[in-house]
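Please examine the structure shown below, beginning with the surroundings of its ligand and then turning to one of its chains.

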Amino acid sequence: MSICTELTRRDFIVQSAAVAAVAALSPSLTKPAYAEDLPDGLAWHKAPCRFCGTGCGVIVGIKGGRLVAVQGDPQNEVNKGLLCAKGYYLGAALYGRDRLTKPMVRKGGQLVPVTWDQAIDVIADKILEDPLKFGIYGSGQWTVAEGYVAMKLLKGGMGSNHIDPNARLCMASAVVGMITTFGVDEPSGCYDDLDECDTVITWGNNWAEMHPVLFSRFIDRRNRGHKITYIDLGTRKTRSTVAADHYMEFVPQTDMAIINCVCYQLVKRGSYDKKFVSKFVRFKGSDKKDMTFDQYTKFLADYTPEKVSELSGISVAHLHLLADVFSDARRKVVSLWCMGVNQHTRGTWVNNLIYNLHLLSGKFGKPGSTPFSLTGQPSACGTCREVGTLAHALPGGRVVKSAEHRKETEDFWKCKPGAINPKPGFHTVKMFKEMAAGNLNGIWVQVTNPAQSLPNLNELMANASKRFFVVSDIYPTATTRIADVVLPSSTWVEKNGVFGNSERRTQQWFKMIDAPGQARDDVWQMLAVARRLYDKGFAGMKDRNGEFLLAIRDDNGKEIEAWKWDVFSKFNVDKVLFNEYRQFTVKKHKDIAPYDVYVESHGMRWPVVKDEDGVWRETKRRFVEGEDPYVKPGKEIQFYMSKAKDDKAIIWARPYVAPPEVPDNDYPFWLNTGRVLEHWHTGTMTGRVRELKHAMPSAYVEVHPEDADQMQLEDGDRINIISRRGSLILPVVVRGRGIPQKGMVFVPFFDETKLINRVTLDAYCPMSKEPDYKKCAVRIEKV
Amino acid sequence: MPISSLIVRSGEDTVDAVVQAIGQMPGASVVEVQGGAVAALTETDDKIQDKALWDRMEQLPGVVKVDLIYHNFEDVIREPVS
Ligand code: SF4
């Protein structure tokens, strides 16, 4: 290439970068095209970001079969052209030098390369030893088709319900919270509410680092002169706190009492929304019995500002301020929460309590007023919650316990009647405990890394790791190191996919580049094992007509040999599976459109229903007349999935309950754990991105400055963090990007060389079975 | 050479100082300013320098947030594994 051409080409790239930035700066400008008509020589295609549940749209630049550029998708309403650091380095995450490229099987203690055929055979034989004792541990990073195939293989074919996703560890409390309050899962509001609110409250949520692009939407509004009050309730000061008008620091677990206290004040002042409450709400006690409003008032009597201030550490003035916000009928309030509420031994109840507050104050279903539960992973909603890859669930909001739901599912799948086991399988923590006990013989782990991310690792993994592990992943991880079979996977734009984000938005993308070496799609891996089981004569892999249960058919209804890689790789199997799954989504009014509709769009929020004029129309706000097509005219708000079929949501009387482990003389500190901006969860991908690794190379422990003074600790000193379960030595950071409250230390969990989950507790919410990673008791010793 | 663009968000009272500071950073330039938001461009030798530049922008007094918009790294991409 001549210097002249080089310069011209470089100019084009500079120009493209500048145009993209100006467009993102000016939301009203016509958005630039992203297709191949840009003069930068790249082919640009849309995809959702691979990382968090915000679900930003990315435009991916391909040149010579390689991913060489990314930009925020200006046409995607989630991010309007913006990206955070993780999204920015999406491309680099694919090109780590140690990508897994060959299937491997453990022989004589070593993982040795084998052919795909051999690996598939080993897995099939292990399953056939006892299909009912084989499980799948999946992920909120599974695509919709991946989760769907896993469900059909295991629940439809193997008669086992032992499937659960890592999403159990991050959003199970949100799911059970919504189902118990509204009768159906997933948020009613949407990100647009952030553009219309005048108050944002975060409940234990560091959105500046965990959902950075949503935080930018808020900062952008402020910069444009909108007056928005931001109240940050937390147990640790974070980057989000810097933008807060009010920071309210509370003793861990007392969020339950704080919310009840605000409700107490609304009732006492008479400032709750009487019309909303009388028309749309019912009251229940935790014994599930109906309550009168008077009984609910009596329940709240324990939560006076004075008492709750003493318990929580929040001042009476701040408790009054919160009540003022929810008492003011004109205020438009968005509540946001994520792991701080969900990873909680009473996570379901705290979810219920936040809904109580919004229902009691009528701050629901109006533009700018909504309780909004954020999700951590890119398809925790689309796959785990909607496809239902949970131990108790079936696709589309169904459950295995229901004979009606099992029959519907068996009919859709054409399974033999009775094929689906009515007994729920093991949820995540139980799954690994039962493996240790020998009640599960084997497990197939896809797109996740439990040997690093499970709580109380010393106990949960020590014996479980002696069982048979199949691990599909793209890099070596803590879990591939204990695996018996390692399968190299394709990731993100190396395959076709669909994700569903936090705001019910379904987003589709096409394969753009080849995966390295012999890496193959997880969907193919499962289809290949299913077919091998069929070929070996396993009856579960035959449908009621004797045909292959997981058959993939072309547009003419002719079965293709999708279990053969050369056939699979030339055919869009994702489209077939997505359109098959679609039929499940109507029952609970979570309707999705046909696959091709998403090909043309930059994401649509369900329910997506066809208008009279033939246009597929998304729904911004559920349960709201004029927005949600399932709300009947004249109803205003209709909770049409309420269990009692009275169209009402439930305000639950949920009392404060102390956590199972609190600091004492032997273990006087709280331990809180979490994520950092630079790394995605256990860091297996972002740790391969030099720039991110360079910016955040290893784990550390944040200590409050007063505790550090008292213990004569300075930045860089090493301390041993010791709990009843394990210990870990880490360098101290005293004034880092986060400052935990006095008496608390905070440790991020991304560093696989420093496993803080050897120290954490595996106690979980009794309703959602989600563990609490945010509080256990430790002592710290200078080393 | 990676080429990137980003938006640096500060208050309107600090934006002039932010624009000036970005202008003095080797490899960085300002494309447009709207209210408290600055569209900036970076051209650096490698991605570490690229990241270092926007880290510096994020640490400028008054800057609340840096959003990333466009990132072309075709000259510095590692060979894919085979
Ligand atoms: S906010 Fe989340 S979805 Fe958006 S770019 Fe960052 S990691 Fe990706």
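In this predicted model, the ligand is surrounded by residues of chain A: A:Cys49, A:Phe51, A:Cys52, A:Thr54, A:Gly55, A:Cys56, A:Leu83, A:Cys84, A:Lys86, A:Gly87, A:Pro212 and A:Val213. Two elements of chain A give two or more residues each to this shell, namely helix H2 (85-88) and helix H8 (212-223). Sorted by class, the shell contains 8 nonpolar residues, 3 polar residues and 1 charged residue. Among the residues around the ligand are A:Cys49, A:Cys52, A:Cys56 and A:Cys84, and cysteine counts as nonpolar in this classification. As for its location, the ligand sits in the second largest cavity.

Attention may now pass to chain B. How many helices and strands does chain B have? The chain has 2 helices and 4 strands. Read from the N terminus on, these elements follow the order β-α-β-β-α-β. The C-alpha trace of chain B spans about 50 × 20 × 20 Å along its principal axes.

The contacts and surface of chain B complete the description. Among contacts in chain B with a separation of 6 or more, 66% are between residues 24 or more positions apart. Of the 82 residues in chain B, 51% are buried, that is, under 20% relative accessible area. Chain B exposes about 3,200 Å², and carbon and sulfur atoms supply 47% of that area.

Notes:
Residues numbered from 1 in each chain as written. Chains lettered and ligands numbered in written order. Predicted model: local features only at pLDDT ≥ 70, side-chain atom pairs only at ≥ 80, totals over all residues. Heavy atoms only, no water. Near = heavy atom within 4 Å. 1 Å grid on protein atoms, 1.4 Å probe; cavity = no way out; pocket = protein on both sides within 12 Å on 5 of 7 lines; lining within 4 Å. Sits in = over half its atoms within 2 Å of the grid points. Buried < 20%, exposed > 50% of the residue type's maximum accessible area, 1.4 Å probe, protein only. Contact = heavy atoms within 4.5 Å. Areas by Shrake-Rupley, 256 points an atom, 1.4 Å probe, with all protein chains shown as cover.
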